[in-house]
Amino acid sequence: FSIWLRRGHAHFSAGQLEPVLRDATFEASLPASASVPAAVGSDEKRSRASILVVDDHAEVRRYLVDRLGDAYRVLSAGNGDEALARIAEELPDVVVS
C-alpha cells in the first residue's frame with residue numbers, strides 16, 4: 001500500500017479548515033525528566049520530513065519503516081512510552097500509530 005501526505009493547506013477548501021488557536025495553552029504528557037527537543041535541526045538532518053512510526057507489532061512496524069524509509073527520515077517506537085522518549089529526542093513532522 002502507499003501513503004501520500006500533501007504538505008500545506010492549498011488542497012483544502014475553506015470549509016475543511018479549522019481556525020488555529022495561536023495563543024492556546026496545551027498540556028504535554030512528557031515525563032518530567034524529558035527535555036524539550038529543538039524545533040529545527042541541522043540542514044542535513046532536516047532535509048527530509050520525519051515520521052515516527054509507533055506500533056507494538058514488530059513486523060508491522062518494520063514493514064512501515066522499510067516502505068517509508070526511501071522518502072522520509074523514519075523513527076520508530078514499539079509503544080507509547082518509547083514514542084514519548086523519541087519525541088523528547090527529536091520532534092517528528094508526523095506520527096503514525
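Of the 97 residues of the protein, 21% count as buried, and this figure belongs to a predicted model. The protein exposes about 7800 Å², of which carbon and sulfur atoms supply 52%. Among contacts with a separation of 6 or more, 57% are made by residues that lie 24 or more positions apart. Two helices and three strands make up the secondary structure, and from the N terminus on these elements follow one another as β-α-β-α-β.

**The sheet**

- The three strands form an open sheet in the order β2-β1-β3, with parallel pairing; its edge strands are β2 (73–77) and β3 (94–96), each of which pairs on one side only.
- Neighbouring strands of this sheet are turned against each other by 25° on average, direction ignored.
- As general background, the strands of a sheet pair through backbone hydrogen bonds, in either a parallel or an antiparallel manner.
- Strand β1 (residues 50–54) is joined to β3 by three bridges, and the two strands run parallel; along this pairing Ile-51 stands opposite Val-94 in β3, while Val-53 stands opposite Val-96 in β3.
- On the β2 side, β1 pairs with β2 over five bridges, again in the parallel sense, and the bridge partner of Val-53 in β2 is Ser-76.
- The chain passes from β1 through α1 to β2, and this β-α-β crossover is right-handed.

**Burial along the strands**

- In a regular strand the side chains alternate between the two faces of the sheet.
- Strand β1 is mostly covered, since five of its five residues are buried: Ser-50, Leu-52 and Val-54 lie on one side and Ile-51 and Val-53 on the other, so that both faces of β1 are covered.
- Along β2 the side chains alternate, with Arg-73, Leu-75 and Ala-77 pointing to one face and buried, whereas Val-74 and Ser-76 point to the other face and are not buried.

**Helix α1**

- Helix α1 spans residues 58–68, and within this helix Arg-61, Leu-64 and Leu-68 are buried; seen down the axis of α1, its buried residues fall within an arc of 65°, and therefore they line one face of the helix.
- The face of α1 turned away from its buried side carries Glu-59 and Asp-66, which are exposed.
- The cover over the buried residues of α1 includes strands β1 and β2.

**Leu-68 in its surroundings**

- Leu-68 is found in helix α1 and has a relative accessible area of 9%; because buried means under 20% relative accessible area, Leu-68 counts as buried.
- Leaving aside neighbours within four places in sequence, Leu-68 is in contact with Ile-51, Val-53 and Val-74; of these partners, Ile-51 and Val-53 are on one side of β1 and are buried, whereas Val-74 belongs to β2 and is not buried.
- The C-alpha atoms of Leu-68 and Ile-3 are separated by 8.5 Å, although the two residues are 65 residues apart along the chain.

**Helix α2**

- Helix α2 covers residues 80–89, with Ala-83, Ile-87 and Ala-88 buried; seen down the axis of α2, its buried residues fall within an arc of 140°, so they line one face of the helix.
- On the other side of α2, Asp-81 and Glu-89 are exposed.
- The buried residues of α2 pack against β1, β2 and β3, while for α1 the cover of the buried residues includes β1 and β2.

Key: Residues are numbered from 1 along each chain as its sequence is written. This is a predicted model: local features need pLDDT of at least 70, side-chain atom pairs count only at pLDDT 80 or more; totals for chains, interfaces and linings use all residues. Side-chain values use heavy atoms; hydrogens and water are left out. Helices (H or I, at least four residues) and strands (E, at least two) are DSSP runs, numbered from the N terminus. Buried means under 20% relative accessible area, exposed over 50%, partly exposed in between (1.4 Å probe, protein chains only). Contact means heavy atoms within 4.5 Å. Accessible areas come from the Shrake-Rupley method with a 1.4 Å probe; for residues, only the protein chains shown count as cover. Two strands pair if DSSP finds at least two bridges between them. Axes are lines fitted to C-alpha atoms, for helices over the stretch in contact, and angles run from 0 to 180 degrees between N-to-C directions. The arc is that of the directions from the helix axis to the C-beta atoms. A crossover is right-handed if, with the strands pointing away from the viewer, the path from the first strand over the helix to the second runs clockwise.
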